[in-house]
Amino acid sequence: MIEIERKFLVKSDAFINEAHTKTRLIQGFLNTHPERTVRIRVKDDSGYVTVKGKSTNDGLSRFEWETKIPLTDAEALLKLCEPTLIDKIRYEVNVGNHMFEVDVFLGDNEGLIVAEVELSSENDTMEKPNWLGEEVTGQIKYYNSHLSKQPYKTWSS
């Protein structure tokens, strides 16, 4: 139940041709407290509830628990979420022994593209594709829970 992942900005759309899946995600947060977040997500015809704990100081790992719920329940819970919902297209791209989830944000976060890769341990190494940019692991402003409150389009240049 401990998630270990690194997060990167994406510097080109070359990942699109390498992707094996493309999915639309709508998600919101019932709770965005720094110690824990509770996320509701709609992915295709399924709903999910996810609880995440506080990240380690380096942002590399944190507790995560997720369970599938009926779509109708997820849609009802989204109506109770804090403003604003996150809308994005997720591409899954295999690179070496790892799978990158590349999120192309829409709506208030349009223009932001972030890639995440889950690791088996904090010392796990990975192959970096040429479309991967600056690492932003642990930078709270790139957390979806933060983007729901301070969308990318409101950031000053």
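User: In this predicted model, what stands opposite Arg6 in E8?

Analyst: Val117 in E8 stands opposite Arg6.

User: How do you know that E1 and E8 count as paired strands?

Analyst: Pairing needs at least two bridges between two strands. Five bridges join E1 to E8, so the two strands pair. They run antiparallel.

User: What makes E5 and E9 partners of E1 as well?

Analyst: The requirement is again at least two bridges. E1 and strand E5 (residues 61-69) are joined by three, in the antiparallel sense, and Ile4 has Ser61 as its bridge partner in E5. With strand E9 (residues 132-135), E1 has two bridges, also antiparallel; there Phe8 is partnered by Glu135. Both cases therefore meet the requirement.

User: Why is E1 called largely enclosed by the rest of the structure?

Analyst: A residue is buried when its relative accessible area is under 20%. Eight of the nine residues of E1 are buried, so the strand is largely enclosed.

User: Which strands give two or more residues to the largest nonpolar core?

Analyst: The core has 17 residues, and Phe15, Phe100, Val102, Ala115, Trp131 and Leu132 touch the most other members. Strands E1 (2-10), E6 (82-95), E7 (98-105) and E8 (113-118) each give two or more residues. E6 provides the largest share, four residues.

User: What makes Leu9, Ile86, Phe105 and Leu112 part of another core?

Analyst: Core members are buried nonpolar residues joined through side-chain atoms within 4.5 Å. Those four are among the nine residues of a second, separate core.

How values were computed:
Residues numbered from 1 in each chain as written. Predicted model: local features only at pLDDT ≥ 70, side-chain atom pairs only at ≥ 80, totals over all residues. Heavy atoms only, no water. Buried < 20%, exposed > 50% of the residue type's maximum accessible area, 1.4 Å probe, protein only.
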